[in-house]
Amino acid sequence: MVCEKIANYFDENVLMTGLTYNGHTVSTQIGNATLDVYKEEKIIENAEEIGQILAKRLDQLCKYDSVGEVRHIGLFAAVELVKDKTTGELVISYGMDYGKAKVGLMKNFVGLLGEHGFYTYSHESSVIIAPPLIISEQEINEAMDIFEKEYLFTDKALISN
């Protein structure tokens, strides 16, 4: 990757590279301490358990005409909203950035969810659901109740269920 002259120089001289945190003792200790807390407080087990509860709630959303597809793994999910479930036509055409759709459907929907205590974001026609790993069963059910009952999309406007 370099000429022989430069390569030979580093035979006798140290090449200092990397980022300030790469392999640093302090950041390594912080990472290890964080993993210890995850183990002690059973955060990974909680995420797995609550992820299963979230999955059941998410899969129930498929009954709505405005929900095209639900994708999830653990506590990370995307709910894709459609104009037409039969054709799979999305509420926002592929390639539109958040908030730039003509009618602002996704921006409005995410805003309304936030007004009711469900804080999230969207990417194109998908609402992203990514709660903290320490969320409880009660909290996940409260959040999904807000998502499910408050507002769902049609092709023209938000409607209340």
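A130 sits in the loop that links β5 to α5. In this predicted model, A130 comes out as partly exposed because its relative accessibility is 47%, and partly exposed covers the range between 20% and 50%. Its C-alpha atom lies 5.8 Å from that of L75, although 55 residues separate A130 and L75 in sequence.

Now for the overall layout. The protein chain has 5 helices and 7 strands. Reading from the N terminus, the order is α-α-α-β-β-β-α-β-β-α-β-β. Of the 161 residues in the chain, 32% are buried.

Helix α3 deserves a closer look. Helix α3 takes in residues 43-60, and its 18 residues should span 26 Å at 1.5 Å a residue. The end C-alpha atoms are indeed 26 Å apart, so the expected and modelled spans agree. Plenty of this helix is tucked away: the buried residues in α3 are I43, A47, I50, G51, I53, L54, A55, R57 and L58. As background, an α-helix has 3.6 residues a turn, so residues three or four places apart point the same way.

That brings us to the largest nonpolar core, which holds 27 residues. The members that touch the most others are L58, L61, V79, L81, I129, M144 and F147. At least two core residues come from each of α3, β1 (67-73), β2 (76-84), α4 (105-115), β5 (126-129) and α5 (137-150). Helix α3 gives the most, with 5 residues. In soluble globular proteins generally, nonpolar side chains tend to be buried together.

Some nonpolar side chains sit on the outside, though. M1, V2, I6, Y9, F10 and L15 make a nonpolar surface patch of about 730 Å². One of them, Y9, belongs to helix α1 (residues 4-12). Y9 is partly exposed because its relative accessible area is 48%, under the 50% that exposed residues exceed.

What about cysteines? A disulfide is a covalent bond between the sulfur atoms of two cysteines. The count of disulfides here is 0. C3 and C62 are both in the table, alongside Y9 and A130.

| Residue | Relative accessible area | Class |
|---|---|---|
| C3 | 42% | partly exposed |
| C62 | 32% | partly exposed |
| Y9 | 48% | partly exposed |
| A130 | 47% | partly exposed |

Note on methods:
Residues numbered from 1 in each chain as written. Predicted model: local features only at pLDDT ≥ 70, side-chain atom pairs only at ≥ 80, totals over all residues. Heavy atoms only, no water. Disulfide = S-S within 2.5 Å. Buried < 20%, exposed > 50% of the residue type's maximum accessible area, 1.4 Å probe, protein only. Patch = residues over 30% accessible without salt bridge, like charges linked within 9 Å, V, L, I, M, F, W, Y side chains within 5 Å. Areas by Shrake-Rupley, 256 points an atom, 1.4 Å probe, with all protein chains shown as cover. Salt bridge = Lys/Arg side-chain N within 4 Å of Asp/Glu carboxyl O. Helix = DSSP H or I, 4+ residues; strand = E, 2+ residues; numbered from the N terminus. Expected span 1.5 Å × (residues − 1). Core = buried A, V, L, I, M, F, W, Y, C linked by side-chain atoms within 4.5 Å.
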